[in-house]
Amino acid sequence: MVTGGGDCPGLNAVIRAIVKRASKEQDWKIIGSRDAFNGVLREPMEIVELDNSTVAGIHVRGGTILGTTNKGGPFAWAVKDNNGNWKEEDHSSEMLRKLEFLNVHAVINIGGDGSQKISQQLFEIGCNIIGVPKTIDNDLGFTDITFGFPTAVEIATDAVDKLVTTAESHNRIIILEVMGRDAGWIALHAAVAGGAEVCLIPEIPYDIQKIIKRINKRIHNSRGFVNIVISEGAYPLDGTHQYQNNDEIGNHNLRLGGAGNRLMHELKENGIATDIRVTTLGHLQRGGKPIAYDRILATKFGVKAFEMVLEKEFGKMAALHNGKLISVSISEVIEKYNYVDLNSDLVKTARDIDISFGD
Ligand code: F6P
């Protein structure tokens, strides 16, 4: 098995569940590749044998005992050319050869959209692969929810709760920037759970004047406070995402960040005189132990994934549909990004309790 992409609370619970379920069958050995597929591709290979004693108690721990990476991979392996410059090579055939050498019958790839794209590519060249959906962003299609997301929401909500008390004490506007890339799920849930006045998500480009109207409704003669939750992927009407520089070799992800600061400047430029502070929650949302819900969901996904191996359901991903465990084709999953549904009950509820989306 491999864990790929950004880490996420619950990964270790999936690993443990796969190992424990496999141990109930005869003749199965579970091995893990270090740092996603890199462990297989490296020379010498970095492979970990996993049994019930190695995974005992790990379900409560954050991160992944196998390590992970969002760089490289079998189709874009970073190597140095003769001039010392980095280039990428397709090492997928070599990986298949190595898997055969290791006598690997099936691969379980626990990862988000980027990792499942790799799963599909590997499946197409003959790898017996099963996917397990993982991401705090909750942006994978064909599953009701991904593990890690509820823990991230809990952490973000706790941050809103704390920021409310300081915003109230100082009569300030506090902006909390949360993760989520192109999906505003974490921001939306934390805003409703924490009781923010404004929630800005990538699915709804915001109008700064509308936000100012909402702020002025709360603040009278410099008294009153406002809590704003903004997703890292939120952007103004006629604007674009706010990116950071990304110079990491082999990491092609555009790194988001700075949406909260940009909003602060926009508010000031438009005449808001109230003090404003910005908090960026960052990787605190990804670290630490998973909440009980995530441990349970991750455990269910792990058991389901191993049973999919037994059933030879290759090219498919474990998923939750209307609360039931199912398997869905990875090719479909990677085509359907899970954006916040603007007609959903939760968005309506948020509007009904006077949360502004800046529209
Ligand atoms: O996809 C998960 C995620 O945490 C996003 O919410 C965020 O934009 C990104 O990963 C951060 O990636 P990195 O850990 O590489 O900075």
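Me: Which residue stands opposite V198 in β10?
Reply: The model is predicted, so local features need pLDDT of at least 70, side-chain atom pairs count only at pLDDT 80 or more, and totals for chains, interfaces and linings use all residues. Residues are numbered from 1 along each chain as its sequence is written, and side-chain values use heavy atoms, without hydrogens or water. β9 and strand β10 (residues 226-231) pair in the parallel sense over three bridges, where pairing requires at least two DSSP bridges between two strands and strands are DSSP runs (E, at least two residues) numbered from the N terminus. In β10, the residue opposite V198 is I228.

Me: Which are the edge strands of the sheet that holds β9 and β10?
Reply: The sheet is open and has four strands, paired in parallel in the order β9-β10-β8-β13. Each edge strand pairs on one side only, and these strands are β9 and β13 (276-280).

Me: What angle does the direction of helix α5 make with that of β8?
Reply: Helix α5 (residues 149-170; helices are H or I runs of at least four residues) packs on the sheet and touches β8 (173-178), β10 and β13. Contact means heavy atoms within 4.5 Å. Axes are lines fitted to C-alpha atoms, for helices over the stretch in contact, and angles run from 0 to 180 degrees between N-to-C directions. The angle between α5 and β8 is about 165°.

Me: Which residue in β3 does S33 stand opposite?
Reply: Strand β2 (residues 30-33) pairs with β3 in the antiparallel sense over four bridges. Strand β3 (residues 47-50) has V48 and L50 on its covered face, with E49 among the residues on the uncovered one. The β3 residue opposite S33 is I47.

Me: Is E197, the salt-bridge partner of R218, buried or exposed?
Reply: A salt bridge is a side-chain nitrogen of Lys or Arg within 4 Å of a carboxyl oxygen of Asp or Glu, and R218 and E197 meet in one at 3.5 Å, N to O. The pair links distant parts of the chain, with R218 in helix α7 (residues 208-218) and E197 in the loop between α6 (185-194) and β9 (198-200), 21 residues apart. Buried means under 20% relative accessible area, exposed over 50%, and partly exposed in between (1.4 Å probe, protein chains only). R218 is partly exposed at 27%, whereas E197, at 8% relative accessibility, counts as buried.

Me: How far apart are the closest N and O atoms of R255 and E248?
Reply: R255 is partly exposed at 33% relative accessibility, and E248 is partly exposed at 32%. The two form a salt bridge, and their closest N and O atoms are apart by 2.8 Å.
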